[in-house]
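User: I have a chain open and would like to talk through some of its features with you. Can we start broad and then go into detail?

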Amino acid sequence: MTSEAAVATPAAIGSAPGKRDYHWIRSFVAGGVAGCCAKSTIAPLDRVKILLQAQNPHYKHLGVFSTLQAVPKKEGFLGLYKGNGAMMVRIFPYGAIQFMAFDKYKKMLSKKMGISGHIHRLMAGSMAGMTAVIFTYPLDVIRARLAFQVTGEHRYTGIANAFNTIYLKEGGIPGFYRGLTPTLIGMAPYAGFSFFTYGTLKSLGLKHFPEMLGRPSSDNLDVLVLKTKVNLLCGGVAGAIAQTISYPLDVARRRMQLGALLPDSEKCVSLSKTLKYVYREYGIKKGLYRGLSLNYVRCVPSQAVAFTTYEFMKQVVFAAIGSCCEPSVSARRTLNEFTLNSLKAINCRRGTFFASDMPTYTVTVATGSQWFAGTDDYIFITLVGTDRCSERTLLDKPLYNDFERGAVDSYDVRVEEDLGELVLVKIEKKKYWVQDDWYCKYITVKTPSGDYLEFPCFSWLVDDKEIVLRDGRAHLPQDDKTSLVKQHRQKELNFRRKTFRWKEWQPGFPMSIDANAHKDLPRDIQFDSEKGVDFVLNYVKAIDNLCVNHFMHMFQSSWTGLDDFERIFVRIKNTISEYVMQHWKEDFMFGYQFLNGCNPVVIQKCTKLPEKFPVTHEMVSVSLERDLTLEQEVEAGNIYLVDYEVIDGIRANRTDPCTMQYLAAPMCLLYRNVKKKILPIAIQLGQTPGEDTPIFLPTDGENDWLLAKIWVRSADFQYHQNITHLLRTHLITEMFAIAMYRQLPAVHPVYKLLLPHIRFTIAINTKAREQLINECGIFDKANATGGGGHVQLIQKAMKSVTFRSLCFPDMIKARGLDCKEELPTYFYRDDGYSVWEATKSFVSNVVHIYYTSDEALQADEEIQAFIKDVCSFGMQDFDHCEFPKLLKSREELTEYLTVIVFTASAQHAAVNFGQLYLGMYPNEHFIEKPVKAAMEKFRKQLAEITSSIKLRNEGKKLPYYNMSPDQIPNSVAV
């Protein structure tokens, strides 16, 4: 800001928006005048071009200059300007819209999407040209019809008559847009390369030869513009290049526009047919490029005049607007001197200092780097101290694009007196033209004493929104002493509780967010644009890799054979996939998947053979390798069980009457052989023994045994997708996330700790309820538990969801699999232990930094409310859940938070995949050095675990990376 504006008087604050409000008028008026001047200059050539392009029977045998001579003889001198009236009616809005849109698109591409350099000129020019065409195309059609007429053969008597005739006889409004597609296709390269070439030549010329090619602008002596003759040259070159590229499309466009006036109009009904017809009948030189020599003659002066006039008119219009909106330079200088002297006198009477002696706070604002993070809206700031507040100050630099995507901008805020200790920063966004969302990363403030304070934000400001920030230091509620920060803390929580409301999506489910669609979520927890695009691209890539488009019919019909499986995965080529495809039918691979597949949480040690699974020693003796009976093998700990009892009674999908789908609730007995490999030895496909549910054995026929294993895998898929993945990671993490937003303010250390681990979780779950697991969603179309079965399954599985079952070591121990010597290849367990301990150590360090004693934890009303909210509302106080309602010690809090972090990151990774990996905290919500040191220690521990896993996997045909920290996402986001 200038020194006058920094005083923050009302006049100073209001002046900057006034200039920005008229910026679009300058481009609009200058563009319209430039277009009219350019087209009037070449109107005779334009008339000749149309006559030659469309093969007019009176002139098609003539050349360019012969036609220029023949038209005045046949139609008079004004015949060369026939249609120019309609041209002017069209060209002013066309030029105005094009140049104004170019400025807007260029700014949007730079600020919103971070596209800069020469490419943004090409893109902005293409979009601006197409925008202008869409708005003015009907006028262009009328001009072309009038220009094609010759004296004595008039079909239209004027603009109004042409409009009425076309509307009545050619299908109404669509008649005015005949040939729009080729026009847009032709305009994209023409306008794009025109603006690109001109802008590139201009920037290169002023950069390398400023004194030779440039001169000071008349509206701002500090800005260089091209000299007039150089402007003309650059514009001409730009037009020639652009016209050469787009000319064949322009030929096709004209023929389609002229429509019924041509005898061969029925052959010119589409762009491709028109191009083919012209090429076939007239060739390249006399067809697609007929009249190009004239086009070179006309495009050079046209574009030269257009760009030169535009640059000139911008300065003229700016000066005119400036004279209306602002005092002259001398008047402004007199006013400033008067204002400064008056304020100086007032401040002297108050005993204060002025200008350079006034306390100054330097505010630095960082805009996010994601797509569309920048804004054109007005941003105001108010600094709140313990003694007083600053004036509400507009953050704006003259002739500078503030708050662009990825930008870091600094501003001075001067105050009459020191504010005291700075505790809050208030940011407001007000609409400039249309509402333009803004993502603020952080704000730093340098105080008059030279201290730096950081105010993390990492939030979207939408509509006319304001946000109040505290500095980045974490604070427990009992640490806040002043009423100002206490009120801010409570106000934030009150707002959050109204925004993040609990809702029971299905009876018996964990509670979820009260939102019917992704768009209904608060902006801060929605997918950002890049994540949304990435989501779609990954989906398309997956579809392409699996050839699902080709094989989709298989989901609605029976498989023809086992070869169909191999055909689907034919395009997934890597060492692991090829090995699995070669051995997937073998028993050792079947058993291995229970240990290290995508659902390694159902296998358990069998301590007693179930009565409902009457396997005898005689049945399996051939599979046992030790000199022991089956009962003795059980006692020795060599028998394991997989039981899908929870699926029993679940209704199979019946949404498609043409496709019968089935569910089984099998049991599988597994044996640890002398090589400590897990092998299946018996399978029963139901929970009730009998003739209808026989026990399948490895000694049965090859296909019988293989099909039995496939049924087990089918049940495992349903268990994995609905329970292990959806319920125990997605829904449980969402429950923790909602409680966090409702009960913990942004300054709470636990909020800062958990936020990276619940990133996008509510968004992806809302998308799932909207598209995947909803009625008639993807589950209903392609899953055996669709049509309501998945809801039943999760309702039954909820009875097994306890807090202890989410603690990784407890979960492993409860299944009897905690002994590494018995199952040395259970890598899910081993890697999970390592990650759990590293995570728990990190969480413990953070907890002990802020809670100096157990009493401090017990006194924290916010964390206790968070714990209670999870149990009482998230888990609906289910008797079986055993979630705590309060925590008494730091060790209990450490375990509780470790469960959340581990479930959202490592556990989800083991059964899925992700993007932002564990230990990565790109948004620095913590600023304290001890916490940053704990983060660094955590990252080093994770790096060591990654290295050890990589070393272990070397040489293995089936390496296990699911729990490798470099493959673990921070949050449930997919």
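What follows is a short conversation about this chain, two helix pairs and one loop residue.

User: What kind of model is this, and how are residues numbered?
Analyst: This is a predicted model, in which local features need pLDDT of at least 70 and side-chain atom pairs count only at pLDDT 80 or more, while totals for chains, interfaces and linings use all residues. Residues are numbered from 1 along each chain as its sequence is written, and side-chain values use heavy atoms, with hydrogens and water left out.

User: How many helices and strands are there in the chain?
Analyst: The chain has 35 helices and 17 strands, taken as DSSP runs numbered from the N terminus (helices are H or I with at least four residues, strands are E with at least two).

User: And what share of the residues is buried?
Analyst: Of the 974 residues in the chain, 53% are buried, where buried means under 20% relative accessible area with a 1.4 Å probe and protein chains only.

User: OK, helix pairs. How do H31 and H35 cross?
Analyst: The axes of H31 (residues 827-850) and H35 (residues 929-953) come within 9 Å and cross at roughly 170°, with axes being lines fitted to C-alpha atoms over the stretch in contact and angles running from 0 to 180 degrees between N-to-C directions. The two helices are therefore roughly antiparallel, a label for angles over 145 degrees.

User: What classes of residue make that contact?
Analyst: The contact of H31 with H35 has 15 nonpolar, five polar and three charged residues. Nonpolar covers Ala, Val, Leu, Ile, Met, Phe, Trp, Tyr, Cys and Pro, charged covers Asp, Glu, Lys and Arg, and the others, Gly among them, are polar.

User: What about H24 and H26?
Analyst: The axes of H24 (residues 702-743) and H26 (residues 761-772) come within 9 Å and cross at roughly 125°. That makes H24 oblique to H26, the term for angles outside the ranges under 35, 65 to 115 and over 145 degrees. Among the residues making the contact are Leu731 and Tyr741 of H24 and Ile762 and Arg769 of H26.

User: Switching topic, where is Ser889, and is it buried or exposed?
Analyst: Ser889 sits in the loop between H33 (861-874) and H34 (890-911), and Ser889 is buried, with a relative accessible area of 15%.

User: What does Ser889 touch?
Analyst: Leaving aside neighbours within four places in sequence, Ser889 is in contact with Asp854 and Leu857, contact meaning heavy atoms within 4.5 Å. A polar atom of the Ser889 side chain also lies 3.2 Å from the backbone nitrogen of Glu892.

Methods
Buried < 20%, exposed > 50% of the residue type's maximum accessible area, 1.4 Å probe, protein only. Polar contact = N/O pair within 3.5 Å; in protein donor to acceptor, adjacent residues only side chain to side chain.
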